[in-house]
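User: I would like to work through a model and learn how to read its features. Please show me the structure before we begin.

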Amino acid sequence: MFSVLDLFTIGVGPSSSHTVGPMKAACRFAGSLRTSGIVHQVARVRTILYGSLSLTGLGHGTDRAIIAGLEGNMPDDVDTTLLRHNREACARTRQLTLPGGRRITFDPDTDVVFEKWQRLAAHPNGMRFQAFDAEGNLLDEQVWYSIGGGFIVQGNPEDALIGIHQRPPAGTVFADAKEERSTRFPDNAPYHFDTCDELVTLCQREHKRISDIIWANETAMRPAGDVRDRLLAVWEAMNQCVQAGCCSDEPVLPGGLDVPRRAANMYRLLMSTGDVLRRSRHRIDVILESSDAAWVNLFALAVSEENAGGGRVVTAPTNGSAGIIPAVLEYYWHFVDGADEDGVIRFLLTAGAIGYLFKRNASISGAEVGCQGEVGSACSMAAAGLCEVIGGTVQQVENAAEIGIEHHLGLTCDPVAGLVQIPCIERNAVAANTAINAVRLAMLGNGSHIVTLDQAIRTMKQTGEDMLSKYKETAQGGLAVNVVEC
């Protein structure tokens with residue numbers, strides 16, 4: 001079953017696919033050892049990371065996430081300070097504690113394997129977990145995939161391996177076999193749609209907005225109060241992340257590039273013209289006046305730097321793009337006349353509907369389709385949400401979403417040193433302002449346009465399939481090889 005709430009999960013940086021997903025998978029594996037009753041026979045566990053997880057896993061903290069997950073931690077409540085240092089602690093003690101209190105010998109240098117020559121054919125973010133007894137006998141083996149946005153899917157130990165840069169053979173249809181089941185509305189949902197055209201038709205037939213359609217689906221799955229509370233909790237977590245990034249006293253980001261954190265200094269500079277985050281909200285008309293792009297840049301940088309530093313963030317729809325939707329929501333909250341909590345809820349419901357379409361019909365995984373699937377999807381989602389809450393028609397919302405992705409088509413994922421820093425942080429700021437500009441373009445028209453969102457999503461998927469693997473979160477092409485690491 002699928003809920004748009006799953007696209008907005010409170011987790012930890014720096015990556016939804018390389019940190020959050022692996023932590024969840026490791027926790028599920030470790031938990032299954034306990035529920036199956038074999039945990040007390042386990043003397044050793046080993047994790048093998050494939051594909052993009054192996055090539056950029058160190059920069060994304062995948063090894064630390066695996067260790068945290070094996071010890072029973074989940075991204076929404078893991079101690080972020082512990083997460084930053086658990087690898088060193090394991091290396092020092094040579095021990096790890098599985099769920100149920102079972103302490104085993106564990107060496108992160110040999111028990112977390114970065115397999116850089118092979119990948120699992122089904123998806124570039126694959127991982128294999130193995131548990132052995134004291135005699136070295138294999139007790140259990142599981143294969144998991146981190147498919148983007150923190151979503152995970154279990155595979156089979158027999159899943160095929162191919163060369164790291166080899167294209168999967170014809171017939172390796174991972175999405176149809178597994179992922180599709182996670183992107184279907186449950187039977188009791190009143191409204192089902194697989195494309196944006198179908199969603200627009202539903203809205204026209206029912207005389208409802210997109211947020212109304214999604215609200216009806218969500219409240220068919222859980223009480224209305226729970227839906228509202230969860231969405232407001234997401235908004236509160238986003239807002240806290242902005243505040244934390246603006247007030248951080250850490251001078252540089254971790255990882256070895258010594259990238260300076262800029263949000264705190266930017267905040268101090270912008271405060272001289274009036275503190276938007278602290279004052280009574282000043283409103284301007286989003287269409288008739290220009291936005292304060294500097295504040296939007298600040299909001300996006302603050303969140304992206306928190307993510308890069310391993311802080312608490314909201315996956316929206318991924319961690320690499322986590323700064324875009326919060327930045328546009330902060331823009332709505334501080335600069336748009338009449339902004340209120342109901343508007344925040346409608347914004348997130350509409351953005352979630354668009355995210356659902358990307359996840360179902362293409363991908364939100366940078367390792368699968370490049371950064372167009374992360375930043376491009378988030379820009380489209382943010383544009384749709386903002387357009388909805390300022391009164392755009394269904395056609396204008398669809399137009400804003402299409403503009404948001406159309407101008408990110410072909411965007412590569414080439415993180416320098418495998419870190420979610422360059423070009424990821426600034427890219428979030430640029431995309432947040434692009435989302436706002438997309439809304440202006442859509443609102444200044446009548447909603448009619450040539451390229452549909454469905455066509456743009458289909459194009460994104462095809463472009464991602466044609467894109468060389470070195471441009472898809474492997475740090476083996478683009479800026480990652482042209483910027484000298486110092």
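**Reading a buried charge, a core and the cysteines**

Analyst: Lys24 is buried but has no salt bridge, and the nearest side chain of opposite charge, Asp6, is 7.6 Å away. The model is predicted.

User: How far may a partner be for a salt bridge, and where does Lys24 lie?

Analyst: The cut-off is 4 Å between a side-chain nitrogen of Lys or Arg and a carboxyl oxygen of Asp or Glu. Lys24 sits in helix H1 (residues 16-35).

User: Which residues does Lys24 touch, leaving aside those up to four places away in sequence?

Analyst: Lys24 touches Met74, Pro75, Gly150 and Ile152.

User: Next, the domains. How is the chain divided?

Analyst: The division gives domain 1 (15-163) and domain 2 (196-471). Their centres, taken over C-alpha atoms, are separated by 30 Å. To the contact, domain 1 contributes 20 residues and domain 2 contributes 18 residues.

User: What is the general idea behind looking for a nonpolar core?

Analyst: In soluble globular proteins, nonpolar side chains tend to be buried together. In this model, the largest nonpolar core has 114 residues, and Phe8, Ile325, Leu348 and Leu386 have the most contacts inside it. Helix H13 (residues 341-361) supplies the largest share of this core, 11 residues.

User: Why does this core lie between domain 1 and domain 2?

Analyst: Domain 1 (15-163) and domain 2 (196-471) both give residues to the core, so it lies between them.

User: Take Ile325 as an example. What does Ile325 touch, not counting residues up to four places away in sequence?

Analyst: Ile325 touches Phe8, Met238, Ala316, Phe347, Leu348, Ala378, Met381 and Ala382. Two of these contacts, Phe8 and Leu348, are also listed among the residues with the most contacts inside the core. There is also a second, separate core of 25 residues, which includes Leu53, Cys90, Phe106 and Phe129.

User: Last, the cysteines. How many disulfides are there?

Analyst: The test is a pair of cysteine sulfur atoms within 2.5 Å. By this rule the count is 0 disulfides. Cys246 is in no disulfide, and the nearest cysteine sulfur, that of Cys247, is 6.2 Å away. Cys247 is likewise in no disulfide, and its nearest cysteine sulfur is that of Cys246, 6.2 Å away.

User: Is Cys246 buried or exposed? And what does Cys247 count as?

Analyst: Cys246 has a relative accessible area of 3% and is buried. Cys247, at 47% relative accessibility, counts as partly exposed.

Terms used:
Residues are numbered from 1 along each chain as its sequence is written. This is a predicted model: local features need pLDDT of at least 70, side-chain atom pairs count only at pLDDT 80 or more; totals for chains, interfaces and linings use all residues. Side-chain values use heavy atoms; hydrogens and water are left out. A nonpolar core is a set of buried Ala, Val, Leu, Ile, Met, Phe, Trp, Tyr and Cys residues joined through side-chain atoms within 4.5 Å. Buried means under 20% relative accessible area, exposed over 50%, partly exposed in between (1.4 Å probe, protein chains only). Helices (H or I, at least four residues) and strands (E, at least two) are DSSP runs, numbered from the N terminus. Domain bounds come from an automatic or database domain assignment. Contact means heavy atoms within 4.5 Å. Lys and Arg count as positive and Asp and Glu as negative; His and the chain ends are not counted.
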